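Hi,

Here is the structure I promised to pass along. Have a look at it first, and then read on for what I found.

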Amino acid sequence: MRPMISMAVGLFLVFMGTGCGLFGPRPERPDARAPAAPTTDFGKPTPERLARYLNEQAALLQSIESRDLNIDIRAPGANVGLDGGSLLCQKPRYFRLIGKKFGSQEVLVGSNQERFWFFIKRDPSDALFHCSYTDFEKGAIDLPFPFEPEWVLEALGMGTVDPNGAFRVEEDKNTFVLIEDTTLRGRKIRKETVFYKGTARGDQPQVKTRTMFDEKNRIICTATIKSVTRIPIDR
């Protein structure tokens, strides 16, 4: 059999700060796609099965590029919707997010193997923050909002999950939710991946959302997949 690689064509990416909310998720549109109709009732899957599925899909995806992003900036005294942006993400740590308003750059977030950086035009400091991963891991810098390229990779379906993680599965009428409670640099975080029940067909995604929450249940990073294109590949 030829495996299928699924690429998101409708994607919303969000970052939330622990102090000031710089980006906020948009509410689900009324015309959002309906869940996939179950084709076979396999029953409730085990956490191991869902984690294995995520890792198999992540292994097929090395990079994502988008030239059409929707971004909201939320900061004290400002709530700005950007009218343009681009995103490039490539394993293992290359990341570039640019947001513009009337052609002017409002947001810049990036990283490479050695360093990461970000700039928020409407931040009162008007400063470009940058730090090496070595210094960051030593606790030499206190960021105004948390940023980890690995979070973005996971939210976009590119990062692998620990198959031996502390997972549990919850469900409702239309979805299964794979939940992992873990820590990062001493902070408690929760990761949730929402799967549509049944086998997705056509441009319907199998994974609906991937979200990470901090210890106060605030969103750190989330991606919502609206539709996909399936490309057969040969091994």
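Below are my notes, going from the whole chain down to single residues.

First, a caveat: this is a predicted model, so please read everything here as a description of the prediction. The chain has 235 residues, and 46% of them count as buried. Its secondary structure comes to three helices and 16 strands. If you look at contacts between residues at least 6 apart in sequence, 53% of those join residues at least 24 apart. The exposed surface of the chain is about 12,600 Å², with carbon and sulfur atoms supplying 51% of that area.

Now the sheet. Six strands make up an open sheet in the order E3-E6-E7-E8-E9-E10, and the pairing is antiparallel. At the edges sit E3 (63-66) and E10 (128-132), each of which pairs on one side only. From one strand to the next, the twist averages 10 degrees.

Within that sheet, E8 and E9 form a hairpin, with three residues between them. Five bridges hold this antiparallel pair together. Leu108 is found opposite Phe119 of E9, while Val109 is opposite Phe118 of E9. On to the next pair: E9 and E10 also run antiparallel and are joined by five bridges. Phe119 turns up here too, with Leu128 of E10 as its bridge partner.

Next, the interior. What sits at the centre of the contacts in the largest nonpolar core? Of its 23 residues, Cys89, Phe95, Leu156 and Met158 touch the most other members. Two or more residues each come from E6, E7, E8 (104-111), E9 (115-120), helix H3 (149-155) and E15. H3 gives the largest share, four residues. In general, nonpolar side chains in soluble globular proteins tend to be buried together.

Cys89 is a good residue to click on if you want to see this core from the inside. Not counting neighbours within four places in sequence, Cys89 contacts Phe95, Leu156 and Met158, along with Gln62, Ser63, Ile64, Tyr94, Val152 and Leu153. There is also a second, separate core of 10 residues, among them Leu50, Phe167, Phe176 and Leu178.

Then there is E15, which contributes to the largest core. Six of its seven residues are buried, so E15 is largely enclosed by the rest of the structure. E15 runs antiparallel to E14, with five bridges between the two. One of the bridge pairs is Phe213 with Ile219, the latter in E15.

Last, two backbone details that you may want to check yourself. The hairpin of E14 and E15 has five residues between its strands, and one of them to look at is Asn217, with a positive phi near 65 degrees. Asn217 is not a glycine, of course, and the loop it lies in runs between E14 (207-213) and E15 (219-225). Is Asn217 buried or partly exposed? Its relative accessible area is 47%, so Asn217 counts as partly exposed.

The other detail is a cis peptide bond: going from Lys91 to Pro92, omega is near 0 degrees. Pro92 is in the loop that links E6 (84-90) and E7 (94-101), two strands that follow each other in the order of the open sheet.

Cheers

Technical notes
Residues numbered from 1 in each chain as written. Predicted model: local features only at pLDDT ≥ 70, side-chain atom pairs only at ≥ 80, totals over all residues. Heavy atoms only, no water. Buried < 20%, exposed > 50% of the residue type's maximum accessible area, 1.4 Å probe, protein only. Core = buried A, V, L, I, M, F, W, Y, C linked by side-chain atoms within 4.5 Å. Contact = heavy atoms within 4.5 Å. Areas by Shrake-Rupley, 256 points an atom, 1.4 Å probe, with all protein chains shown as cover. Pairing = 2+ DSSP bridges. Axes fitted to C-alpha atoms, helices over the stretch in contact; angles between N-to-C directions.
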